[in-house]
Amino acid sequence: MSVPVPFLDLSRHVSVLKDSIKEKLSAVVDSGIFVLGPEIVQLEKQLAEYCGVSYAIACSSGSEALLMALMALDLQPGDEVIVPSFTFFATASAVVRLGGRPVFADICPDSLNMDPEDAARKVTSRTKAIIPVHLFGRSAEMERLEQIAKAHDLALIEDAAQAIGAEAAWHGEMKRVGAMGSIGCFSFYPTKNLGTMGDGGALTTNDPEIAKKLELIRGHGMAPRYFHKIVGINGRLDAFQGVVLNEKFPHLDEWTKDRQEIAKRYFELFAGRRELEGRLQLPKPEGEERCVWNQFCVCVSDAADGHLRDRLMAFLAEKKIGTMIYYPFGLHEQECFQYLDYAPEELPVTYRVSRSILALPIFPGLTLEEQEAVVEGICAFFREN
Ligand SMILES: *Cc1c(COP(=O)(O)O)cnc(C)c1O
């Protein structure tokens, strides 16, 4: 019997930080400053520096960050925003919350990121913005998307919720995600590479006007107190979450390196396994971008109906090996988006990938022995099926 492998264990890498986090949380209790405050100011400074942008604005979640970004751009009812269908729900729901219309683009089979050419085909006179997602920690094709956005005068908003620290080639240099579009959106949900102990998010931008507007939006458009310049939301982040993030931030690069090592080890362990040939697709090698591996997803071939993938998942669960499906459907298939009138197979790559994809354990502290158990489990399944 092989070792059990959790899909995700958030306690391993933070165990050494527990005491210092508790101490700082206790200091916040004594300080009486619970919402925004110095911890959040420090977080914003660190994040701006880390991403290589002029401004970072912390907020209550990645979902609210996306909403605030579209509010800052004055999205109007009826405006169209191009988003990938293969992403987390919030990328599209932010558009709908403002009365806009999400227009779903397909993904590239290799990167699993938005297909820029499909996005280009979907631009209309009502299109206001494109929101590429840096899915699973890998940067979208930002240079090509910028060309499209420029040609049609569209805003480019990055959904960087899964990709803090990821880099891509950008006009002759490497840039971090969140520094390429007009606004970058981050999430600090516990499962992200920099996760807090609750909800949290942030926005990045180089534009001082947008930064000012985002800060206004975060606090009900109020400046000074009880004078509302615009209609905003309560998008504030609390000091407890700021403490956790400030304690963790200095370790982010080391944890990212760990994720990259784990990904490399998966490639090595899977290499040359005959039983997997033509049956299991590993993530395609990166191009010029540098991936931070929020997820390591494989695709099970010949599983157009999803059954083989689901059977593999059950087989591994039996061996106490945790896996997850990100995402089992494209957003265009969701009940709440049926009014947009997409046929399921209208986005063929999204449709195919969603039926065959499986996320394997990857997190700082995952051991070689555990990785071997994952790979052996998968190989055993394909020998028997
Ligand atoms: C997690 C996530 C979000 C939403 O972030 P929350 O902090 O959970 O609201 C948005 N987009 C993507 C791609 C995500 O993975």
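**Helix packing and the ligand shell**

Helix α7 (residues 208-218) packs against α3 at an angle of about 120°, and the axes of the two helices run 9 Å apart. All of this comes from a predicted model. With angles of 65 to 115 degrees counted as roughly perpendicular and those over 145 as roughly antiparallel, α3 and α7 are therefore oblique to each other. Their crossing is right-handed.

α3 has another packing partner in α4. Here the angle is about 45°, with the axes 9 Å apart. The cut-off for roughly parallel is an angle under 35 degrees, so α3 and α4 also end up described as oblique to each other. As for handedness, α3 goes past α4 in a right-handed crossing.

A further helix pair brings together α1 (residues 18-31) and α8 (residues 239-248), which pack at an angle of about 150° with 9 Å between their axes. Since anything over 145 degrees counts as roughly antiparallel, that puts α1 roughly antiparallel to α8. The crossing of α1 and α8 is right-handed.

Now to the ligand. There are 16 residues around it, and those that come nearest are G62, S63, D159, S187 and K192. Sorted by character, the shell around the ligand holds eight polar residues, six nonpolar ones and two charged ones.

Several side chains make polar contacts with oxygen atoms of the ligand. In S63, an N or O atom of the side chain sits 2.5 Å from a ligand oxygen. For S187, the corresponding distance from a side-chain N or O atom to an oxygen atom of the ligand is 2.6 Å. Q162 joins in as well, with a polar side-chain atom 2.8 Å from an oxygen atom of the ligand. As for how much of the ligand is covered, on its own it has 380 Å² of accessible area, and the protein covers 93% of that.

Which elements give two or more residues to the shell around the ligand? They are α3 (62-72) and α4 (90-97). The largest share of the shell comes from α3, which gives three residues. So the helices that supply two or more shell residues, α3 and α4, are also a pair that pack with their axes 9 Å apart, at about 45°. Helix α7, in turn, packs against α3 at about 120°, and α3 is the element with the largest share of the shell around the ligand.

Conventions:
Residues are numbered from 1 along each chain as its sequence is written. This is a predicted model: local features need pLDDT of at least 70, side-chain atom pairs count only at pLDDT 80 or more; totals for chains, interfaces and linings use all residues. Side-chain values use heavy atoms; hydrogens and water are left out. A residue is near a molecule or strand if one of its heavy atoms lies within 4 Å of it. A polar contact is a pair of N or O atoms within 3.5 Å; within protein, one must be able to donate a hydrogen and the other to accept it, and residues adjacent in sequence count only if both atoms are side-chain atoms. Accessible areas come from the Shrake-Rupley method with a 1.4 Å probe; for residues, only the protein chains shown count as cover. Helices (H or I, at least four residues) and strands (E, at least two) are DSSP runs, numbered from the N terminus. Ala, Val, Leu, Ile, Met, Phe, Trp, Tyr, Cys and Pro count as nonpolar, Asp, Glu, Lys and Arg as charged, and the others, Gly among them, as polar. Axes are lines fitted to C-alpha atoms, for helices over the stretch in contact, and angles run from 0 to 180 degrees between N-to-C directions. A crossing is left-handed if the near helix is turned anticlockwise from the far one by less than a right angle, and right-handed if clockwise.
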